[in-house]
2 protein chains.
Amino acid sequence: MKNSIRLLRAEKGWSQAELADQVGVSRNSVNSIENGKFDPSLPLAFRIAHAFGLTVEEVFDKEDAFT
Amino acid sequence: MKNSIRLLRAEKGWSQAELADQVGVSRNSVNSIENGKFDPSLPLAFRIAHAFGLTVEEVFDKEDAFT
DNA sequence: AAGATTTGACAAGCTAGCTTTTCATTGCGA
DNA sequence: TCGCAATGAAAAGCTAGCTTGTCAAATCTT
């Protein structure tokens, strides 16, 4: 599932490790999600969106959920 | 993670099996999610929200993601 | 250019999400 | 009241999400 994490993270000037800390997962998880290796769980998706002050819909591309 | 699926489903007059069909999972998955046994994946959460014409935030209680 | 930070990637292992199957219970229409 | 639809629940099995650890490559910083 596509997402805007890399872009949003760049805007904030955060490293993957910093974002990982904020949302309570490992850096590898953030890296894998950014690179599309797997989707975050729903709770994690909420925490990531919250870290950027956005909604889940604004961060993750829901089109991928229907294809 | 709490959600309003049971209520929304009642409003639509859908059985668990009908909703399951619509979103492409088994009836047991819908039952388990409704009864809080586990959270849906992010793509499934999108499909469930879409079935009700709502956003993920409107169907699932994101507070649970932070506690 | 050297050193430090950041990122990408992989492996092995554990847990959560989802499946099919099955059975018991509940509630409702004929 | 009989039968059927709907729900709840449990087991066993597979895959996805997430972990720690490690290493190499890329990108800053100075």
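1. A salt bridge is taken here as a side-chain nitrogen of Lys or Arg within 4 Å of a carboxyl oxygen of Asp or Glu, and by that rule the interface of chain A and chain B contains zero salt bridges. The model is a predicted one, in which local features need pLDDT of at least 70 and side-chain atom pairs count only at pLDDT 80 or more, whereas totals for chains, interfaces and linings use all residues. Residues are numbered from 1 along each chain as its sequence is written, chains are lettered from A and ligands numbered from 1 in the order in which they are written, and side-chain values use heavy atoms, with hydrogens and water left out.

2. On symmetry, chain A is superposed on chain B by a rotation of 180° with 0.0 Å of shift along its axis, at an RMSD of 0.0 Å (least squares on the C-alpha atoms of residues with pLDDT of at least 70 in both copies). That is the relation of a two-fold axis. The same surface serves both copies, since 100% of the contact residues of chain A recur in chain B, contact meaning heavy atoms within 4.5 Å. The residue of chain A that comes closest to the rotation axis is A:Leu42, its C-alpha being at 2.4 Å.

3. On the extent of the protein interface, 16 residues from chain A and 16 residues from chain B take part in the contact. About 1500 Å² is buried between chain A and chain B, with carbon and sulfur atoms giving 78% of that area; buried area is the accessible area (1.4 Å probe) that two parts lose on being put together, summed over both. A:Leu42, A:Phe46 and A:Glu57 supply 40% of what chain A buries against chain B, more than any other three residues.

4. On the make-up of that interface, four residue pairs, both members at pLDDT 80 or more, are in polar contact between chain A and chain B (a pair of N or O atoms within 3.5 Å; within protein, one must be able to donate a hydrogen and the other to accept it, and residues adjacent in sequence count only if both atoms are side-chain atoms). The elements giving two or more residues to the side of chain A that touches chain B are helix 4 (42-51) and helix 5 (56-59) of chain A, where helices are DSSP runs (H or I, at least four residues) numbered from the N terminus. Helix 4 of chain A gives the most to this side, with six residues.

5. On DNA strand C, 20 residues surround the strand, and the closest are A:Gln16, B:Ser26, B:Asn28, B:Ser29 and B:Phe38. Of the atoms of DNA strand C that come within 4 Å of the protein, sugar and phosphate account for 63%. A base is also approached: an N or O atom in the side chain of A:Arg27 is 2.9 Å from a base oxygen of DNA strand C. A polar side-chain atom of A:Asn35 lies 3.4 Å from a phosphate oxygen of this strand.

6. On DNA strand D, 20 residues surround the strand, the closest being A:Asn28, A:Ser29, A:Phe38, B:Gln16 and B:Asn28. Here 62% of the strand's atoms within 4 Å of the protein belong to sugar or phosphate and the rest to bases. An N or O atom in the side chain of B:Asn28 is 2.4 Å from a base nitrogen of DNA strand D, while the side chain of B:Arg9 places an N or O atom 2.9 Å from a phosphate oxygen of that strand.

Conventions
Near = heavy atom within 4 Å.
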